[in-house]
Amino acid sequence: MNSPTRRSPKRRNTQTSPGHRSQLIGVVVNQSPTNVELQKTVEIDELINPPPNLRESKSEIDPPQNLRELDSHATSLQTLLKDEPILPKSISSHYRSHADIALTNAKILKGLSFPHGMPLGPYKTFEEIFSKINDWAKDVNTGGGSFSIVKNSKNAATAQRGAARLLTCSCAGTSRSKLHSLHPLDVSRPNQKPSIKTDCKWAIYVEELMEGWMVTHPPESSIHAAEMSENNELCIVHNHDLCKTEASKILYSNLREIPEMVDNYANFLKKGGMSSSMIYHALVQECLEKDVDVTITPQDIRNKYGSPASESILDCTNLHVYLMQRLSSDPSLEYDIYIDESGKMERIFLLYNNGCNFGMK
Amino acid sequence: MQLWNEIGNRVLMYDTKHGTNKFGLNLGCFTTIDSAGKSRVLAATFLYESEESFDWAFKKFSFFLEVTHWFYLQMELSPWPTR
């Protein structure tokens with residue numbers, strides 16, 4: 001209902017919504033974001049029933065009729081491909097370019113730079129750039145030591161830029177002890193490990209640009225923390241010590257890595273249906289046989305090869321055979337199975353080891 | 001607690017857990033407490049929850065473990081609260 005005080009007619013949103021974008025196909029005239037208004041849009045209806053001028057131009061790209069034409073057609077395609085870079089399919093006209101980022105960074109970074117050797121991109125996918133930066137971070141010889149990064153918030157693509165993700169150091173965030181001092185818990189957890197969070201300000205944005213996924217800039221708080229730090233050359237710094245040796249990495253679960261050789265073996269065992277605890281024991285045995293240092297824990301194996309609860313339901317397919325074998329080896333382990341009229345196994349009773357010797361008699 | 005200490009391992013608990021295997025049979029464990037206060041699983045069943053099945057399970061338990069006298073104490077648990 002209209003407000004009684006409203007006199008002007010209800011305003012309507014004249015901007016094209018993101019949903020409406022699927023109805024339009026942009027033809028790029030100039031890829032700069034400042035010239036978005038120059039982009040010409042063609043309605044889908046026009047594409048289905050093109051105007052006469054478009055129909056005429058269509059004949060120019062008709063397939064060649066004979067071999068000579070085919071040869072010249074291929075040559076012209078080659079020249080086109082040489083001139084224009086091949087962009088991924090996901091590249092759209094509203095993405096920023098590397099040049100735009102360089103201009104923006106000149107103002108934002110205030111003369112500071114990214115760490116030496118840090119992979120900045122471009123990479124085809126977000127997962128690729130994440131793994132490249134994580135590998136670089138975990139290497140003790142680069143970036144001043146070993147640390148790991150985690151995925152933080154994500155910003156969806158807008159009309160002016162592509163999708164962006166914030167990557168932070170795994171120590172970013174408020175430590176649990178600080179949180180508990182603010183909101184004390186009644187339940188004490190003696191086995192709880194201390195928090196690794198140190199409120200580290202090492203963080204970077206990665207964004208989908210026209211060239212692919214690239215590191216763009218750190219958040220403002222990270223730059224401010226870097227300016228305040230002793231190292232005034234880098235735009236992102238840690239506020240905690242980094243692991244300087246391979247041996248010290250073993251202490252931290254996020255820095256531990258399963259050797260590639262053992263990883264393939266573990267994947268093979270998992271496909272065979274082995275549980276994570278059995279995989280762990282098999283991997284330890286494999287490492288000992290091949291003189292590889294055992295740098296894995298049962299928790300690492302559970303995290304990587306463990307099955308979800310939905311898959312770990314008890315399989316009692318061969319239970320009857322197993323119970324028969326158990327009884328033949330130990331006569332005290334008795335059992336009984338009730339089968340209904342249709343031959344379906346309906347009830348099973350089995351004694352546990354030493355169950356019948358345990359005081360109930 | 002005093003009564004619990006006196007009767008000790010003469011107490012037997014039996015409860016079934018829902019949907020623990022792919023055949024839909026419910027796993028039920030006969031559990032007691034030893035003199036050291038530790039839980040001990042004596043026997044287990046796989047069955048569909050029905051009065052007839054439970055009767056069968058207790059009869060089997062009595063038969064194998066030669067239990068002659070039973071005093072039942074049935075505890076009905078309230079269903080999970082729905083949001």
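**Exercise 1. Find the residue of E3(B) that stands opposite Arg347(A), then describe the pairing around it.**

*Solution.* Start at Arg347(A), which stands opposite Leu47(B) in E3(B). Keep in mind that we are working with a predicted model.

Next, place this pair in its strands. Strand E8 of chain A covers residues 345-351, and strand E3 of chain B covers residues 39-47. E8(A) and E3(B) run antiparallel to each other, with five bridges between them.

**Exercise 2. Work outwards from E8(A) and E3(B) and lay out the whole sheet in order.**

*Solution.* Begin on the chain A side. E7(A) joins E8(A) through five bridges, again in the antiparallel sense. For a checkpoint in the structure, look at Asp336(A), whose bridge partner in E8(A) is Phe349(A).

Now step the other way, into chain B. Strand E2, residues 26-33 of chain B, pairs with E3(B) over eight bridges, and this pairing is antiparallel too. Here a handy checkpoint is Thr32(B), which has Arg40(B) of E3(B) as its bridge partner.

Putting the steps together gives an open sheet of five strands, ordered E7(A)-E8(A)-E3(B)-E2(B)-E1(B), with antiparallel pairing. At its edges lie E7 (335-339) of chain A and E1 (13-17) of chain B, each pairing on one side only. From one strand to the next, the twist averages 20°.

**Exercise 3. Which residue in the hairpin of E2(B) and E3(B) takes a positive phi?**

*Solution.* Go to the link between the two strands, where the hairpin has five residues. There you will find Gly37(B), with a positive phi near 85°.

**Exercise 4. Classify the packing of helices H10 and H11 of chain A, and say which residues make the contact.**

*Solution.* First take the geometry: H10 (residues 276-289) and H11 (residues 298-305) of chain A pack at an angle of about 125°, and their axes are 9 Å apart. Angles from 65 to 115 degrees count as roughly perpendicular and those over 145 as roughly antiparallel, so H10(A) is oblique to H11(A). The crossing of the two helices is right-handed.

Then list the contact. H10(A) contributes Ser276(A), Ser277(A), Ile279(A), Tyr280(A) and Leu283(A), while H11(A) contributes Pro298(A), Ile301(A), Arg302(A) and Tyr305(A). Sorted by class, the residues in contact are six nonpolar, two polar and one charged.

**Exercise 5. What confidence scores come with the model and with chain B?**

*Solution.* For the model, read off ipTM 0.79 and pTM 0.48. For chain B, the average pLDDT is 73, and 63% of the residues score at least 70.

Note on methods
Residues are numbered from 1 along each chain as its sequence is written. Chains are lettered from A and ligands numbered from 1 in the order in which they are written. This is a predicted model: local features need pLDDT of at least 70, side-chain atom pairs count only at pLDDT 80 or more; totals for chains, interfaces and linings use all residues. Two strands pair if DSSP finds at least two bridges between them. Helices (H or I, at least four residues) and strands (E, at least two) are DSSP runs, numbered from the N terminus. Axes are lines fitted to C-alpha atoms, for helices over the stretch in contact, and angles run from 0 to 180 degrees between N-to-C directions. Angles under 35 degrees count as roughly parallel, over 145 as roughly antiparallel, 65 to 115 as roughly perpendicular and the rest as oblique. A crossing is left-handed if the near helix is turned anticlockwise from the far one by less than a right angle, and right-handed if clockwise. Two residues are in contact if their C-beta atoms, placed from the backbone, lie within 7 Å. Ala, Val, Leu, Ile, Met, Phe, Trp, Tyr, Cys and Pro count as nonpolar, Asp, Glu, Lys and Arg as charged, and the others, Gly among them, as polar. pLDDT is the predictor's confidence in each residue, from 0 to 100.
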